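Okay, thanks for squeezing me in. I'll put the structure up and then talk through a few spots in it.

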Amino acid sequence: MNLTINSRDLVVTPAMRMHVENGMEKIRKHFDHVIDATVFFMIDNTTKKALRHTAELTIHLKGKELFAEAHNEDLYHAIDDVVNKLERQVVKHKEKMQDHHHEKLLDPDEYPE
């Protein structure tokens with residue numbers, strides 16, 4: 001899986017990269033067919049009180065693209081939040097795929113003649 005990390009108004013540190021990679025491991029536990037992932041970090045400093053960090057995470061699956069976004073004063077909390085949001089989406093997507101592939105089996109008495 002390819003992981004691309006981009007940012008605006010901040011420098012991506014190795015600790016930030018490791019935190020994202022650890023979060024992606026949680027997602028891969030549920031669903032191993034992730035083709036690639038793109039992470040984007042931003043700082044919104046329009047408010048005078050505190051900086052607001054934004055983490056956006058997009059993962060590409062076969063025939064599907066999932067996106068999540070989270071905001072927090074702490075970038076690491078924003079990363080955790082976005083990973084948790086995307087993890088829920090992946091679990092839901094996986095359940096849909098599994099339900100789609102399982103058809104109801106008929107009893108031998110119910111087969112049309």
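Let's start with arginine 28, which comes out as partly exposed, at 26% relative accessibility. This is a predicted model, by the way, so keep that in mind throughout. What does arginine 28 meet in a salt bridge? Its side chain meets that of glutamate 25, with 2.4 Å from N to O. The two sit three residues apart in helix H1, so about one helical turn separates them. Glutamate 25 is also in the partly exposed class, because its relative accessible area is 43%, and the cut-offs for that class are 20% and 50%.

How many salt bridges does the structure hold? The count is three. Another one in H1 is arginine 17 with glutamate 21, and there the closest N and O atoms are 3.6 Å apart. That pair lies four residues apart in helix H1, again about one turn of the helix. Arginine 17 is partly exposed at 33% relative accessibility, and glutamate 21 is partly exposed too, with 28%.

Then there's lysine 26, which forms a salt bridge with glutamate 87; the closest N and O atoms are 3.8 Å apart. Lysine 26 belongs to helix H1 and glutamate 87 to helix H2, so this pair ties together parts that are 61 residues apart in sequence. Buried or exposed, what about those two ends? Lysine 26 is partly exposed, with a relative accessible area of 32%. Glutamate 87, on the other hand, counts as buried, because its relative accessibility is 16% and the buried class is anything under 20%.

Okay, on to the sheet. Four strands make an open sheet, in the order E1-E2-E3-E4, and the pairing is mixed. Which strands are at the edges? Those are E1 and E4, each of which pairs on one side only. On average, neighbouring strands here are turned by 15 degrees against each other, if you ignore direction. Helix H1, the one with arginine 28, packs on this sheet and touches E1, E2 and E3; its direction makes about 135 degrees with that of E1.

Let me zoom in on E3 and E4. They pair in the antiparallel sense, over nine bridges. Histidine 60, for instance, has glutamate 65 in E4 as its bridge partner. The hairpin of E3 and E4 has two residues between the strands, and glycine 63 in that hairpin takes a positive phi near 80 degrees.

Also in strand E3 is threonine 58, which stands opposite phenylalanine 67 in E4. Where does threonine 58 fall, buried or exposed? Threonine 58 is buried, with a relative accessible area of 14%. If you leave aside neighbours within four places in sequence, threonine 58 is in contact with Asp36, Ala37 and Thr38, and also with Glu65, Leu66 and Phe67.

Now the inside. The largest nonpolar core has 27 residues, and the ones with the most contacts inside it are Val20, Met24, Ile27, Phe41, Leu57 and Ile59. Which elements give two or more residues to this core? From the strands, you get E1 (2-8), E2 (34-44), E3 (52-61) and E4 (64-72), and from the helices H1 (14-30) and H2 (75-101). H2 gives the most, with seven residues.

Phenylalanine 41 is worth clicking on while we're in there. Not counting residues up to four places away in sequence, phenylalanine 41 touches a whole list of residues, including Ile5, Leu10, Val12, Met16, Val20, Ala55, Leu75 and Ile79. There are some polar names on that list as well, among them Asn6, Ser7, Arg8 and Thr54.

Last stop is aspartate 9, in the loop between E1 and H1. What is its phi? The value is near 70 degrees, so to speak on the positive side, in a residue other than glycine. Aspartate 9 counts as exposed, because its relative accessibility is 61% and the exposed class is over 50%.

That's my tour. Happy to spin the model around if anybody wants another look.

Definitions and conventions: Residues numbered from 1 in each chain as written. Heavy atoms only, no water. Core = buried A, V, L, I, M, F, W, Y, C linked by side-chain atoms within 4.5 Å. Buried < 20%, exposed > 50% of the residue type's maximum accessible area, 1.4 Å probe, protein only. Contact = heavy atoms within 4.5 Å. Salt bridge = Lys/Arg side-chain N within 4 Å of Asp/Glu carboxyl O. Pairing = 2+ DSSP bridges. Axes fitted to C-alpha atoms, helices over the stretch in contact; angles between N-to-C directions.
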